[in-house]
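Me: Before us are a sequence and a structure. Please explain the terms used for them, and set each value against its definition.

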Amino acid sequence: MIEVMYVNSNNQSVSFFGDKIKVSEGSFHKRKWNISQDEIKKDPITYSITLTLRGSLEERKNKLNELHDIFEIDLINEKTGRLYFGEYYIECYIQSGDTQVNKILNSRTDNILEVYCPNQSWIKETTFSFFKYDKSVLADDENKTYPYQYSYKYGNNPGSSSLVSDSLSDSNFKLIIYGPSSNPSIMIGNHMYNVNVDLNIGEYLTVDSINREVYITDINGNVSNAFDYRNKDNYLFEKISPGLNNVEWSAGFGFDAIIYDERSEPKWI
């Protein structure tokens, strides 16, 4: 069964498919682009879905109260939650709810929700991990493949690898670079990503293309802005091209590359 769930801005979650709750009406597979003489763009979108609750009257009341509180906090805080459909999520607000007796069984309750999405983009995150060169692991000249979740192959030279983006267009990303490292630099495809900072053991640098942020997190979890230390000769937030991208770095540090596949509707599963 496809997982459909909501996670609010306080990281509280509720599944829409459970023992006593399910989505009985509605679909997330609709999309619309607005076309004018000047531009083609996506506007915000609203989905209508119906949750059907069953159980005793007391159980249904408790569930409705839980749903209300989880949805309401995002509107109060003016921070979006996330609606998940399988591997994809979309940033949204549950902007309204209408509770009714189920039309077929009066022992069940329907909660009709309007889901407002400021950006019509369903996102899937794919993480590629690249590891610091370790002579004890790479003891010979043969190519080696490692059985991580997203496996990759070293070439004959450590620091030579690749990643594949299955997006239709250039993708936003997040780079997380782990210390120790000095002035870490990564070539992805034909573009260089470089920040002139020193990272100690236990520290890591984050480059976030969506929010245009660069920051260091130290061993105690303290965050410091590193935006001014970016290499200004190479645009640091250049999106990742679709398809195969060669990756080159010194192999003196490890890093993760998170690629965001954005679609107008989630893939059918």
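Me: Where is Arg212 found?

Reply: Arg212 is found in the loop between β17 (204–208) and β18 (213–217). This is a predicted model, in which local features need pLDDT of at least 70, side-chain atom pairs count only at pLDDT 80 or more, and totals for chains, interfaces and linings use all residues. Residues are numbered from 1 along each chain as its sequence is written, and side-chain values use heavy atoms, with hydrogens and water left out.

Me: What makes β17 and β18 strands?

Reply: Strands are DSSP runs of E with at least two residues, helices are runs of H or I with at least four, and both are numbered from the N terminus. On that basis the protein chain has 1 helix and 21 strands.

Me: Why is Arg212 called partly exposed?

Reply: Buried means under 20% relative accessible area, exposed means over 50%, and partly exposed is in between (1.4 Å probe, protein chains only). Arg212 has 40% relative accessibility, so the residue counts as partly exposed. Its phi is positive, about 55 degrees, although Arg212 is not a glycine.

Me: Why is Asn11 called exposed?

Reply: Asn11 has a relative accessible area of 64% and is therefore exposed. Asn11 lies in the loop between β1 (4–7) and β2 (13–15), and its phi, near 65 degrees, is a positive value in a residue other than glycine.

Me: What makes Trp33, Ile35 and Ile40 a nonpolar patch?

Reply: Patch residues have over 30% relative accessible area and no salt bridge (a side-chain nitrogen of Lys or Arg within 4 Å of a carboxyl oxygen of Asp or Glu). Nonpolar side chains (Val, Leu, Ile, Met, Phe, Trp, Tyr) are joined within 5 Å, and like charges within 9 Å. Trp33 is partly exposed because its relative accessible area is 40%, and this residue is found in strand β4 (residues 33–35). Together, Trp33, Ile35 and Ile40 have about 350 Å² of accessible area (Shrake-Rupley method, 1.4 Å probe, with only the protein chains shown counting as cover for residues).

Me: Which bond joins Gly179 and Pro180?

Reply: A cis peptide bond joins them, with omega about 5 degrees. Pro180 is placed in the loop between β12 (173–178) and β13 (181–182).

Me: What share of the residues in the protein chain is buried?

Reply: Of the 269 residues in the protein chain, 39% are buried. The accessible surface of the protein chain comes to about 15,300 Å², of which 46% belongs to carbon and sulfur atoms.
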